[in-house]
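Subject: Structure for your review

Dear colleague,

Please find below the structure that I am handing over to you. I would be grateful if you could read the notes after it with the structure open beside them.

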Amino acid sequence: MLVAAQSVREKPVMLKIEDLSVSIGDRQILNGVNIEIKQGEVHALLGSNGSGKSTLLSTIMGYPQFKVTSGRIIFKGQDITNMTVDERARLGVGISVQKPPAIKGITLQDAVQMTTGLSGNNLDVTGAANRLDVSYLLDRDLNLGYSGGEAKRSELLQLLAQSPDLIMFDEPESGVDLVNIGLVGNAINELLHKNELRKGPRAASGLIITHTGFILEYVNADKGHILCDGSITCSGNPRDMLEHIRQFGYDRCRICPSPNGGAQ
Ligand code: ADP
Ligand code: MG
């Protein structure tokens, strides 16, 4: 009886996006987006260029230029819609952006030390830097002159230092060669298992934007969503969706009479 009761126990909801509409300046970018991610789940976000994928991640992180015009963002049961980036990061929201800005005068080592200090996370920085092949970057200015792969790996080291409960990645495979994509994939899994190195269920949740789907060879996604002109038009099995997109492109998403527009 106990086993049966445990097996049906629902995982807690990590992130709930309710009817979220967002504008930049006076232009509306997202229209009524709904997504629910449970603890341990990874969702893939697909969609053509300009459909609003990066806007969604930036809004969840709380970057101020993205104005929520309706709806709510609930994280671990708390309404974070009006919180600052800093408050969200402290609560456990983390992001790896596509093109992290260069910061002169702050080294990667400084950034990692500040983050571990704030998060109280006991990261073995030397070991993690070796695994990510970024040891030689620790004394360099953050992202200054880094290659695409170096910037991605340095972002992952900072995320390991933060150890967030929700990890968002904006196209983790872009600008990364085939060798580095394995490193990136392993680090994402390490983050999702919160340093348990794939033992047991995932402790954290993920939301990953991917164009190519390469990253899903390394990180198993539970659900996919297609964003089209700022609305979720389809949610389902990410592998089936990617196959469909490879065959037909995104054009059909505009006309697809999806019965579950925005549904889970
Ligand atoms: P995606 O990541 O799906 O390619 P984005 O979220 O980056 O799409 O962009 C969605 C739309 O919002 C695009 O038309 C883009 O030009 C616009 N946009 C994104 N960021 C800004 C910004 N900072 N200022 C003005 N428009 C923006
Ligand atoms: Mg984008």
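The notes below cover confidence, the ligand, three individual residues and the salt bridges.

**Confidence**

Please bear in mind that this is a predicted model. The average pLDDT of the protein is 90, and 91% of the residues score at least 70. Residues 259–264 have a pLDDT under 50 throughout, and the model gives this stretch 14 contacts beyond four places in sequence. Where pLDDT is low, the predicted coordinates should not be read in detail.

**Ligand 1**

The residues around ligand 1 are Ile24, Arg27, Ile29, Ser48, Asn49, Gly50, Ser51, Gly52, Lys53, Ser54 and Thr55. Several polar atoms of the protein can be paired with oxygen atoms of the ligand. The side chain of Thr55 places a polar atom 2.6 Å from an oxygen atom of ligand 1. For Arg27, a polar side-chain atom lies 2.9 Å from an oxygen atom of the ligand. Ser51 takes part through its backbone, a polar atom of which is 3.2 Å from an oxygen atom of ligand 1. Taken alone, the ligand exposes 560 Å², and the protein buries 61% of that area. Two elements, β2 and α2 (53–61), give two or more residues to the shell around ligand 1. The largest share, three residues, comes from α2.

**Asp170**

Asp170 belongs to strand β9 (residues 166–170). This residue is buried, with a relative accessible area of 7%. The side chain of Asp170 makes a polar contact of 2.6 Å with the side chain of Ser54, and Ser54 is also one of the residues around ligand 1. Leaving out residues up to four places away in sequence, Asp170 touches Ser54, Leu57, Ser96, Val97, Gln98, Lys152 and Ile209. Asp170 and Ile208 are 38 residues apart along the chain, while their C-alpha atoms are separated by 6.2 Å.

**Ser205**

Ser205 lies in strand β10 and counts as buried, at 0% relative accessibility. A polar atom of the Ser205 side chain lies 3.0 Å from the backbone oxygen of Lys38. A polar atom of that side chain also lies 3.2 Å from the backbone nitrogen of Gly40. Beyond four places in sequence, the residues that Ser205 touches include Met14, Ile37, Gln39, Glu41, Asp165, Leu166, Ile167 and Leu192.

**Asn220**

Asn220 is located in the loop between β10 (205–209) and β11 (223–228). At 45% relative accessibility, Asn220 counts as partly exposed. Apart from neighbours within four places in sequence, Asn220 is in contact with Val42, Arg202 and Arg239. Asn220 and Gly32 are 188 residues apart in sequence, and their C-alpha atoms are 27 Å apart in space.

**Salt bridges**

How many salt bridges does a search of the whole structure find? The search finds 11. Three pairs are described here, followed by a network.

- Glu10 and Lys38 form a salt bridge in which the closest N and O atoms are 3.5 Å apart. Glu10 lies in the loop between α1 (2–7) and β1 (13–24) and Lys38 in strand β2 (residues 27–38), so the pair ties together parts that are 28 residues apart in sequence. Glu10 is exposed, with a relative accessible area of 59%.
- Arg153 and Asp133 form a salt bridge with 3.8 Å between the closest N and O atoms. Because Arg153 lies in helix α6 (residues 148–162) and Asp133 in the loop between α5 (125–131) and β8 (141–142), this pair ties together parts that are 20 residues apart in sequence. Arg153 counts as buried, at 4% relative accessibility, whereas Asp133 is partly exposed, with a relative accessible area of 42%.
- Arg246 and Glu243 meet in a salt bridge through their side chains, at 3.7 Å from N to O. These two residues, Arg246 and Glu243, are three residues apart in helix α8 (residues 238–248) and so are separated by about one helical turn. Arg246 is exposed, with a relative accessible area of 54%, and Glu243 counts as partly exposed, at 39%.

In addition, salt bridges that share partners join Lys16, Glu18, Arg72 and Asp79 into one network.

Yours sincerely

Definitions and conventions
Residues are numbered from 1 along each chain as its sequence is written. Chains are lettered from A and ligands numbered from 1 in the order in which they are written. This is a predicted model: local features need pLDDT of at least 70, side-chain atom pairs count only at pLDDT 80 or more; totals for chains, interfaces and linings use all residues. Side-chain values use heavy atoms; hydrogens and water are left out. A salt bridge is a side-chain nitrogen of Lys or Arg within 4 Å of a carboxyl oxygen of Asp or Glu. Helices (H or I, at least four residues) and strands (E, at least two) are DSSP runs, numbered from the N terminus. Buried means under 20% relative accessible area, exposed over 50%, partly exposed in between (1.4 Å probe, protein chains only). pLDDT is the predictor's confidence in each residue, from 0 to 100. Contact means heavy atoms within 4.5 Å. A residue is near a molecule or strand if one of its heavy atoms lies within 4 Å of it. A polar contact is a pair of N or O atoms within 3.5 Å; within protein, one must be able to donate a hydrogen and the other to accept it, and residues adjacent in sequence count only if both atoms are side-chain atoms. Accessible areas come from the Shrake-Rupley method with a 1.4 Å probe; for residues, only the protein chains shown count as cover.
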